[in-house]
Amino acid sequence: MSDANNRALGAYRSNFLKEVEANVEEGHWVKMCMQCGVCAGSCPLGPHWQHSPQKIFMMIRAGKRDEVLTSDSMWMCTSCYNCIVRCPRKLPITHIMHGLANYAHRLGLAPKGQPTREIAKLFWDNLVKTGRVNELKFSLAMYFKDGFGQGIKNAMAMQGVGLGLVKAKRLNPLELLGGHGCKDKAGIHKMVAKAREIEDRRKGLA
Amino acid sequence: MADNKFAAYICSGCGIGDVLDVKSLEKIAQKEGKMAVVKNHSFLCNAEGVQMIRDDIANDGVTHLCIAACSRRAKAEAFSFPTAAVSRANLREGVLWVVAEGSDHDEVRQEMAEDYVRMGCAEVKKMKVPAGNPNKAENKRILVVGGGMSGMTAALAAADAGYDVVLVEKTGSLGGFARNLVKRVPFNAPHAEAQPTGVEELAAQVAGNPGITVHLNSTLAETAGSPGRFLAKVAQESGAVTEEAVGAIVQATGFTTYDIAKLPELGGGQANVVDQAGLEALAKAANGGAIKRADGKIVSSVVFVQCAGQRDETGTHLPYCSGHCCATSIKQAMYFKDANPDVDTVVMYQDLRVPGMGEDFYRSAQKKGVLFTKGKASRVAGGDTCKVTFRDLILDEENTVDADLVVLATGQVPSAGVDLDAWSAVVTKAEGGDEAAKAQREEMRSTSVLKLTYRQGPDMPQFKHGFADSHFICFPYETRRTGIYAAGPVRRPMDMFQAQEDATGAALKAIQAVENASAGRAAHPRAWDLSFPSARLEGCTQCKRCTVECPFGAIDEDERRFPLFNEQRCRRCGTCMGACPVRVISFENYSCDTVGSQIKAVNVPDEFEEKPRVLILACENDAYPALDMAGLQRHVYSAFVRAIPVRCLGSVNTIWITDALNSGYDGIMLMGCKKGDDYQCHFVKGSEMAYYRMSKIDDTLKQLGLEPERVATHEVAITDNVRVARMINDYVAQLQDIGPSPMKGFG
Amino acid sequence: MAKKQYAFYPGCSSQKKASADNFLRSIDVVCQKLDVQLNEIPDWNCCGASIGYGEGGELPRLVISARNLALAEKNLPGQDMVSVCPACWLATREAGERLHESDSLLAEANEALREAGLDLKNEVKSRHFVEVLIEDVGFEVMQQQVVKPLEGLKLAGYVGCQTNRPFGIVGESFENPRYLDKMVEMVGAQPMETYDQKVTCCGGALAFSEPEKSQKQIRDIVESAYDHGADMIVTPCQLCQANVEIYQSEINKKQGTRFNMPVVYYTQLMTIAYGGSATEAGLDGQFIRAEKLEKLAGK
């Protein structure tokens, strides 16, 4: 358990709804769910969610903190926004799911090795480094996230795709040597660090 | 009686003259219809055509006229001749617009038109101009029973419209259930916060209104009479009786709450478990401060259990939803949240039902932090810490929640008085001499609200679950006791907003009733009708079918057990006429003869002509308009049918069926309104009676050696214009398969 | 006619030799024809796309978009910001709206932006390139440029998610947007109006992390295009294009299908219809060659 997690547990005791309202992006909307289930029925990856958004909202109200934060359900979100546009109560469900995933990740409660969690981190690190996403480095990093051996296998499996893209001039091998990036990398680093510092302070994550 | 002079007027307008041989129709009216005057006009409903008829009435002594033009439902104002008896032969909607176009159909089309002219002439010969009711009923005061929100609202609405009101209230003060409430569910935008009930102000308005006489601590000891001439005996608690003559009655006797002692599994009767009324009392005592339990402890957590003893499928408790309780619990949860946002408030619901603008109220409570849990409570344990065991219906698991206080949202039980079905069973026994039943009858009478002296029992008939019957699909304030209107939760479960709206509607109906009664007219739906039923008593066999089957309790029995008609209670549906086995009941303008003569006037071809004849008896309220509308939209149907409008299928006397079959008709279609639990019959029970009677006719058919398919009964709604044409065509095809009636030629 | 000027936010995938390089080339042609000038925002950065939330959280994610808005505001004043990538557009528009709704969030964002020497007034309007085409140029003007109608070409219009939700194109429904079909008609081709996977999710970023689950989505999208008799799929979204095109071979390998359905951008159709060559339209950048379209281009 992380320090942040212990602090949150101390601050909110059994009131998980209050914790979500304070610390999770758009969390103040959770109480407004009317349990119609349209979100659950609208999700393209619906069958793969152990707990649908509808259930997650109910679990938050029922104080099921561990079950929610250790769940890999939120990580099934493809950001298709179908739930948002269909929600009769206009809850920003996609953002709440993102917010819960991020909160669980930052508290160290999200499932270890959850693939979307892993690539989300790789993606963000990749983008913060140069200010832009380097598709080749990102792809390679993804293939090698499970270790060198698996990485070679993954890369071999997708070799056809990679070579095809190179042929179609849509993947540039020279990207490895530098490639695209912002000029003001230093400014971006400082800016992102500052934003994170502010948010962590606000949410008790630092 | 002055000499009758019969005239037929045939219109050739609207294309009638282009397609039909009007000369031949004139000849039929003259020779077969025996009309003394026969005229045609190319535009009969215009000023000139109407003047021609008026002149004939004024100068030529015409007393009876058959207008062969459009449907009786069209041009009713132009063809209104109050001093003459008028029949209408429907050549436009009934022939021109429904028979297939083209010369192939000229022959059958002309035959159809000729039959309608024959029928119109035959009908008018049997009609009389209604002379009006000599029994004046001119009292226009309105009695309101019950001084709660519904009753006070009805009283004020009627008084504001200029009618004197008598209000009878059982308790010592006005206000009813609302008096116990801290606030009411919002009824104004933005529907976010509970609002003051306004009950004190309303009570003061009633008390201060010079047009309203209020009897407190009073009940009705007896109510006799009929619209325009009711006589109510108002008994005070002290024993004093005041007689009040009134013209109409609004019954707004409200509800009682379901007794939580019947819900021990939900903690009913245990400490710190209350119903919604109990919570109002605690909140009233708190006076805006922290709400305390009976033991004085400040409540820091509360669970509202919705549907407690309601929507019960086991048959033990109330089977219905009372409609207001979700919003009421939301309001009560806000009492806690508004006093202290840190109080944990959980509303445990199965389906949150907040009709009207309640959704905004629900959202407002969510914003305040009221928690809503979709779950079904199976057990509540009262005590210092109450425990609610429930099934979480989203997470699909058993769970418990603790609370300082549990509120059970129980339902409304109507205060509608005596159940007439139970009553009539007891009365039958008592009349047979059963002493216990006699005592029970008196016991039941003491629980009656209205204490009507009607033969059919002392209160309004109930429909479902003890609520007073009202025509809730089409005419929500209409009951089965003419001039007596139910308003508020006595009629169906409802909240205060709906009850007040209801009360206003009922007050208006009461006003209509006294106005119609004083003009000698029928009440809804034949509000223009001056006719009323009369019985040829010398033929009566005292079978009582008319008194039993009248949906409105209009017929009592006199000392000799003959039917005694209360004209102002009568709605002119003719169900009594349909019921009478010896056909002694008739109206001046509608009788067994007016219809029977039409049936017989039709020219039924012999079987070799292969032209079947189908009689349609269509209810004038829905089915006949649907037929007209089929015409209006040019939905073609068979030219072999002959349609006769009837006031209600309930008025169909089986003699018409036998007459038609004997005359060689191949089939008969009865078309009436929907019956049963979701009835749409304008006379509530008429179509049901018809179905019942027709179910018995199969035997008759068999005796005649006829197939049961030759009489078919259908439910037809006013919107069924497409369906009705298809129904006719299917039936005619079916009859052609069966073959011609073997009765042809014997009639 | 004066050119319409916009602050252009190309996004990571539409850079030279990135995965949507070919898209960018066709956009250039369309802009030239329609007198639209896209002025690249200097030193723009990545929007965070749809999985930036995992590590980036709320404020850092909003701040990186705020930086792009601030750069546009500073360097290209008075110009609407235009993205060709739905994810870029969505992130930027969302950031603009969220910072507009909350003064405290805007203050926090500006505190972070100051570290990069920037300040945001939040006055720039963030728009999608499709909005520019429909609202500022209009179907009529777009159609006037057509010199080579794409006759006989049947196209399944695959709108996908983020061009359509949560913001969408004004006047269109979330469940059945029509503009892409109208564009197909505009270039003289035949839209498959009953194509039932029009707004199905391709799996988005989960194509990488959850390939099995996403490929089920992609299979539906491609299969339905075949069922409706389409020659190819057209889309306005880079990620949709890449996922639906690239993974067909994977699906074939795993599931024994024989998918070979080209997936093109609407601007590629417009380029050919406006008389451009296959290369100008970036058709050499297709993973699955759009042969019918190439043939039309060669006519």
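This report describes a predicted model with contacts between chains, moving from the chains as wholes to a sheet and a helix pair in chain B.

## Chains B and C as wholes

Chain B contains 21 helices and 29 strands, while the secondary structure of chain C comes to 14 helices and 8 strands. The table sets out the extent and burial of these two chains, together with the part of their contacts that joins residues 24 or more positions apart, taken among contacts with a separation of 6 or more.

| Chain | Residues | Span of the C-alpha trace along principal axes | Buried residues | Contacts between residues 24 or more positions apart |
|---|---|---|---|---|
| Chain B | 747 residues | about 95 × 60 × 55 Å | 54% | 71% |
| Chain C | 299 residues | about 55 × 50 × 35 Å | 63% | 76% |

For chain C the radius of gyration is 19 Å, and this agrees with the value near 19 Å that a compact globule of 299 residues would have.

## How the chains meet

There are 2 pairs of chains in contact, and of these chains A and C share the most contacts. Chain B and chain C, by contrast, are joined by no contact, and their closest C-alpha atoms lie 18 Å apart.

Where chains A and C meet, 54 residues of chain A are in contact with 53 residues of chain C. On the chain A side, the elements that give two or more residues are α6 (82-86), α7 (93-107), α8 (115-130), α9 (135-143), α11 (159-167) and α12 (185-203) of chain A. The largest share of this side comes from α12(A), which gives 10 residues. Sorted by class, the side of chain A that touches chain C has 25 nonpolar, 15 polar and 14 charged residues.

## A parallel sheet in chain B

In chain B, 4 strands form an open sheet with parallel pairing, in the order β2-β1-β3-β4. Its edge strands are β2 (37-41) and β4 of chain B, each of which pairs on one side only. On average, neighbouring strands of the sheet are turned by 15 degrees against each other, with direction ignored.

Two helices of chain B pack on this sheet. Helix α3 (residues 47-60) of chain B touches β1, β2 and β3 of chain B, and its direction makes about 160 degrees with that of β2(B). Helix α5 (residues 106-125) of chain B touches β1, β3 and β4 of chain B, and the direction of this helix makes about 165 degrees with that of β4(B).

Strand β3 (residues 64-69) of chain B deserves a closer look. On one side, 5 bridges join β3(B) to the parallel strand β1 (residues 6-11) of chain B; in this pairing B:Ala7 has B:Leu65 as its bridge partner in β3(B), and B:Ile10 stands opposite B:Ala68 in β3(B). A further 6 bridges join β3(B) to strand β4 (residues 85-90) of chain B, again with the two strands running parallel, and B:Ala69 stands opposite B:Asn90 in β4(B).

The side chains of β3(B) can be divided by direction: B:His64, B:Cys66 and B:Ala68 point one way, whereas B:Leu65, B:Ile67 and B:Ala69 point the other way, and all of them are buried. Because 6 of the 6 residues of β3(B) are buried, the strand is largely enclosed by the rest of the structure.

## A helix pair in chain B

Elsewhere in the sequence of chain B, the axes of helix α11 (residues 420-431) of chain B and helix α12 (residues 435-446) of chain B come within 8 Å and cross at roughly 145 degrees. The crossing in which α11(B) passes α12(B) is left-handed. From α11(B), the residues that take part are B:Trp423, B:Val426, B:Val427, B:Lys429 and B:Ala430, and they meet B:Ala437, B:Lys438, B:Gln440, B:Arg441 and B:Met444 in α12(B). By class, this contact between α11(B) and α12(B) has 6 nonpolar, 1 polar and 3 charged residues.

Methods
Residues numbered from 1 in each chain as written. Chains lettered and ligands numbered in written order. Predicted model: local features only at pLDDT ≥ 70, side-chain atom pairs only at ≥ 80, totals over all residues. Axes fitted to C-alpha atoms, helices over the stretch in contact; angles between N-to-C directions. Left-handed = near helix turned anticlockwise from the far one by under 90°. Contact = placed C-beta atoms within 7 Å. Nonpolar A, V, L, I, M, F, W, Y, C, P; charged D, E, K, R; others polar. Buried ≥ 20, exposed ≤ 12 C-beta atoms within 10 Å, placed from the backbone. Pairing = 2+ DSSP bridges. Rg over C-alpha atoms; globule rule 2.2 N^0.38 Å.
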